[in-house]
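Thank you all for making time this morning; I would like to walk you through one model, going from ring contacts to empty space and then to the backbone. Please keep the structure open in front of you while I talk.

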Amino acid sequence: MIHETILAVIIAFAISALLCPIIIPFLHKLKFGQQVRDDGPQSHLKKQGTPTMGGLIILCSIIITSIFYIPSYPKIIPVLFVTVGFGIIGFLDDYIKVVKKRNLGLKAGQKSLGQLLVAVLYLAAEYIFAPHTTLWIPFAGEFDIGFFYYPVMLFIIIGAVNAVNLTDGIDGLASSVTMVAAMGFLVISSIEGFVQMNLLAAALAGVCLGFLVWNFHPAKVFMGDTGSMFLGGLVVALAFGLRMPVILIFVGIVYVAETMSDIIQIGSVKLTGKRVFKMAPIHHHFELCGWSETRV
């Protein structure tokens with residue numbers, strides 16, 4: 001399994017790194033530039049026009065890498081379904097922002113409905129082909145939570161995907177954090193013997209590393225919602241594939257911190273009228289405290 005894992009990292013890294021110099025000029029030509037929001041940090045205004053929708057590179061790299069392994073490991077296909085499903089929602093969001101020039105992209109209700117549909121279809125497939133209602137909690141063991149399993153899992157899927165989406169706010173942040181998460185999944189899948197998840201985790205680490213070559217500060221391309229939602233879907237699918245969705249709290253601790261900072265900020269403003277952070281999510285708070293993007 002070790003040589004297959006190493007090969008998956010190399011293939012994914014090579015495809016990602018090589019696609020960037022091909023697709024980035026194409027995005028430039030189509031004028032698919034980032035639309036920077038006025039209510040964000042003022043330092044981000046200089047990023048206006050940097051090619052976005054680079055998540056297409058991540059999506060294509062994972063799919064191409066997976067094609068090499070699907071004949072031997074067909075269980076990879078359901079994982080690709082949920083990841084591509086979320087990636088399509090992100091693509092539509094980016095398309096509306098960039099092409100239609102509507103800065104906020106999909107309306108909140110439209111995005112939530114799309115995410116709900118993909119998550120429900122994924123859980124329905126799990127119920128049909130691999131029904132179970134047990135939840136593994138680290139250091140405590142497995143617990144059968146019966147009917148509550150599906151609403152809890154629905155909350156985890158949508159919450160985790162949006163958490164990864166929130167983390168994509170500065171150069172290289174989402175891709176570097178996800179690469180670390182992928183390495184965590186790589187270790188767990190190796191120990192537990194989940195070959196398919198091991199290969200996908202290896203591919204994810206390789207893709208993120210290849211994309212970071214072009215996404216690290218100062219970024220030459222942004223992944224956009226196409227990339228962040230695709231990565232969120234893949235991170236979720238890996239956790240579910242390992243039958244350990246709760247492990248997302250530990251492997252994706254940065255995602256959790258980003259989301260909690262947003263929830264705390266909104267709650268504080270509504271209840272007290274005061275901000276806890278200078279700006280949320282928390283990476284923007286650090287920026288306004290004077291931290292450079294590379295330090296964040």
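Let me begin with a definition, since the next few minutes rest on it: two rings of Phe, Tyr or Trp, the last taken by its six-membered ring, count as a pair if their centres lie within 6.5 Å, and planes over 60 degrees apart make that pair edge-to-face. Please also bear in mind that what you are looking at is a predicted model.

With that in hand, Tyr127, Tyr149 and Tyr150 come together as one aromatic cluster, and the structure as a whole holds 6 aromatic pairs. One of these joins Tyr122 and Phe240, whose rings sit 5.9 Å apart centre to centre with 80° between the planes, an edge-to-face arrangement. Tyr122 belongs to helix H4, which covers residues 108-129, while Phe240 belongs to helix H8, residues 224-241, so this contact ties together parts that are 118 residues apart in sequence. Both partners are shielded: Tyr122 is buried with a relative accessible area of 11%, and Phe240 is buried with 3%.

Going back to the cluster, the rings of Tyr127 and Tyr150 have centres 5.8 Å apart and planes at 75°, so they too form an edge-to-face pair. Here Tyr127 comes from helix H4 and Tyr150 from helix H5, residues 149-167, and the two are 23 residues apart. Are these two tyrosines buried or exposed? Tyr127, at 53% relative accessibility, counts as exposed, whereas Tyr150 is buried at 19%. I would read both labels with some care, because buried means under 20% and exposed means over 50%.

Staying with helix H5 for a moment, its 19 residues should span 27 Å at 1.5 Å a residue, and its end C-alpha atoms are indeed 27 Å apart, so the two figures agree. The buried residues of H5 include Tyr149, Tyr150, Met153, Ile156, Ile157, Ala160, Val161, Ala163 and Val164. As you look along that list, it may help to recall that an α-helix has 3.6 residues a turn, so residues three or four places apart point the same way.

One further contact involves a ring, this time with a charged partner: Arg295 lies over the face of Trp291, at 4.1 Å from the ring centre.

Now to the empty space, starting with the second largest pocket, which holds about 540 Å³. Of the 21 residues lining this pocket, those closest to its centre are Lys75, Pro78, Tyr122, Ala130 and Gly241, and you will recognise Tyr122 as the partner of Phe240 from earlier. Helix H3 (76-98), H4, helix H7 (195-215) and H8 each give two or more residues to the lining, and H4 gives the most, with 5 residues. Sorted by class, the lining of this pocket has 14 nonpolar, 4 polar and 3 charged residues.

How many cavities of 30 Å³ or more does a search of the whole structure find? The answer is 1, and the volume of the largest cavity is about 40 Å³. The residues that line the largest cavity are Thr65, Ser66, Tyr69, Ile76, Leu199, Leu200 and Ala203. Helix H2 (55-67) and H7 are the elements that give two or more residues to this lining, with the largest share, 3 residues, coming from H7. By class, the lining of the largest cavity has 5 nonpolar and 2 polar residues, and no charged ones.

Finally, there are three places in the backbone that I would ask you to look at. The peptide bond from Ala280 to Pro281 is cis, with omega near 0°, and Pro281 sits in the loop between helix H10 (253-272) and helix H11 (282-288). Met53, a residue other than glycine, has a positive phi near 65°; Met53 is placed in the loop between helix H1 (2-29) and H2, and is buried with a relative accessible area of 1%. Arg243 likewise is not a glycine and has a positive phi, of about 60°. Its loop runs between H8 and helix H9 (248-251), and at 40% relative accessibility Arg243 counts as partly exposed.

That is where I will stop, and I am happy to go back to any of these regions.

Notes:
Residues numbered from 1 in each chain as written. Predicted model: local features only at pLDDT ≥ 70, side-chain atom pairs only at ≥ 80, totals over all residues. Heavy atoms only, no water. Phe/Tyr/Trp six-rings, centres within 6.5 Å; stacked < 30°, edge-to-face > 60°. Helix = DSSP H or I, 4+ residues; strand = E, 2+ residues; numbered from the N terminus. Buried < 20%, exposed > 50% of the residue type's maximum accessible area, 1.4 Å probe, protein only. Lys NZ or Arg CZ within 6 Å of the ring centre and 35° of its normal. Expected span 1.5 Å × (residues − 1). 1 Å grid on protein atoms, 1.4 Å probe; cavity = no way out; pocket = protein on both sides within 12 Å on 5 of 7 lines; lining within 4 Å. Points joined across faces, edges and corners; volume = space filled by probe spheres on them. Nonpolar A, V, L, I, M, F, W, Y, C, P; charged D, E, K, R; others polar.
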